[in-house]
Amino acid sequence: MAATVPLTDDGHGPIILFDAECVLCSVNAQFVLRHDRAGHFRLASMQGDIGAEIYRRCGMDPKDPVSMLVVEGGRVRQDSDAVLSIYEALGLPWRLVTVLRIVPAFLRDPVYRFVARNRYRWFGKREECWVAPPEYRKRIL
C-alpha cells in the first residue's frame with residue numbers, strides 16, 4: 001500500500017520504521033544496516049520520538065505497531081511491500097526475494113500480518129529497545 005503523507009523529503013533516503021522491542025524486527029534492522037553498504041536506508045524505531053511521530057503521521061499508533069513502514073518522500077510502504085522494497089534496494093543476492101512480487105499483495109499481506117501478530121510469541125520481545133552500535137548511529141533517527 002502506498003499513501004501520500006505530509007513528510008519532508010530531505011534527500012537522505014528512505015526511512016525504515018521498525019519495532020525495536022521485537023526480536024525479529026531488530027534482527028532485520030541489523031541485517032539491513034550490515035548489508036546496506038551504500039547507506040541508502042535510515043532506521044527509526046516506533047518507540048523513539050522521531051519514529052513515533054512519523055508512525056502517527058502515517059495514521060498508525062506507535063504503541064500498537066502492526067506493520068513495519070518504509071517512508072520515502074511522500075510515499076509509504078507497509079506490510080509485504082515494505083519488506084520487498086527493502087530487499088530490492090539491498091541489491092543482489094537479496095533483491096532475488098522480490099520474485100515474490102508475482103504473488104499479489106492481497107495474498108502476501110495476510111501472511112505478513114499473521115507473522116506480525118505472532119512475532120512476540122514466536123521470536124520474543126525485548127525488555128529494552130535494541131540500540132545500534134556506534135558505527136551505525138548516524139543512520140538511526
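Where is the place of D79? In this predicted model, D79 is found in helix α3. The backbone at D79 does something a little unusual, with a positive phi of about 55 degrees even though the residue is not a glycine. For background, residues other than glycine mostly have a negative phi. D79 is also tucked away: its relative accessibility is 3%, so it counts as buried.

D79 is a handy way into the meeting of two helices, α3 and α4. These helices pack at an angle of about 90 degrees, and their axes are 7 Å apart. That angle is why α3 can be called roughly perpendicular to α4. On the α3 side, the contact uses D79, S80, D81, V83 and L84, while α4 brings R108, D109, Y112 and R113. Sorted by class, the residues at this contact come out as three nonpolar, one polar and five charged.

Helix α4 itself, covering residues 105–123, isn't straight: at R117 it bends by about 50 degrees. Its buried residues are R108, D109, Y112, A116, N118 and R119. What do these buried residues pack against? Their partners are α1 (23–35) and α3 (79–89). Right after α4 comes G124, with a positive phi near 105 degrees.

The loop between α3 and α4 has a backbone quirk of its own. P93 sits in that loop, and the peptide bond leading from L92 to P93 is cis, its omega being near 0 degrees. As a rule, most peptide bonds are trans.

Next come the charged pairs. In general, side chains with opposite charges can pair up when their charged atoms come close. How many salt bridges does a search of the whole structure find? The search turns up ten.

One of them joins the side chains of E21 and K125, with a distance of 3.7 Å from N to O. E21 belongs to the loop between β2 (15–18) and α1, whereas K125 is in the segment after α4, so this pair ties together parts of the chain 104 residues apart in sequence. Neither end is hidden away completely: E21 has a relative accessible area of 21% and is partly exposed, and K125, at 48%, is partly exposed as well.

Another salt bridge links D36 with R139, and here the closest N and O atoms are 2.7 Å apart. D36 lies in the loop between α1 and β3 (42–45) and R139 in the segment after α4, so the two tie together parts that are 103 residues apart in sequence. Are D36 and R139 buried or exposed? Both D36 and R139 are buried.

The salt bridge between R56 and E53 is a local affair. The closest N and O atoms of this pair are 3.7 Å apart. Both residues are in helix α2 (residues 49–57), and because they are three residues apart there, about one helical turn separates them. R56 has 45% relative accessibility and counts as partly exposed; E53, with a relative accessible area of 37%, is partly exposed too.

Some charged residues join up in a group. D81, E88, R101 and R108 are linked in a network of salt bridges. Of these, D81 and R108 also appear in the contact of α3 with α4. E88 has its place in helix α3 and, at 30% relative accessibility, counts as partly exposed. Leaving aside residues up to four places away in sequence, E88 touches R95, T98 and R101. For a sense of scale, E88 and R42 are 46 residues apart along the chain, and 15 Å separates their C-alpha atoms.

Finally, there is F31, a residue of helix α1. Its relative accessibility is 16%, so F31 counts as buried. Which residues does F31 touch, not counting those up to four places away in sequence? The answer is Y87, L90 and W94. I102, on the other hand, is 71 residues from F31 in sequence, with 24 Å between the two C-alpha atoms.

Methods: Residues numbered from 1 in each chain as written. Predicted model: local features only at pLDDT ≥ 70, side-chain atom pairs only at ≥ 80, totals over all residues. Heavy atoms only, no water. Bend = angle between axes of the 7 residues up to and from the residue. Helix = DSSP H or I, 4+ residues; strand = E, 2+ residues; numbered from the N terminus. Buried < 20%, exposed > 50% of the residue type's maximum accessible area, 1.4 Å probe, protein only. Contact = heavy atoms within 4.5 Å. Axes fitted to C-alpha atoms, helices over the stretch in contact; angles between N-to-C directions. Parallel < 35°, antiparallel > 145°, perpendicular 65-115°, else oblique. Nonpolar A, V, L, I, M, F, W, Y, C, P; charged D, E, K, R; others polar. Salt bridge = Lys/Arg side-chain N within 4 Å of Asp/Glu carboxyl O.
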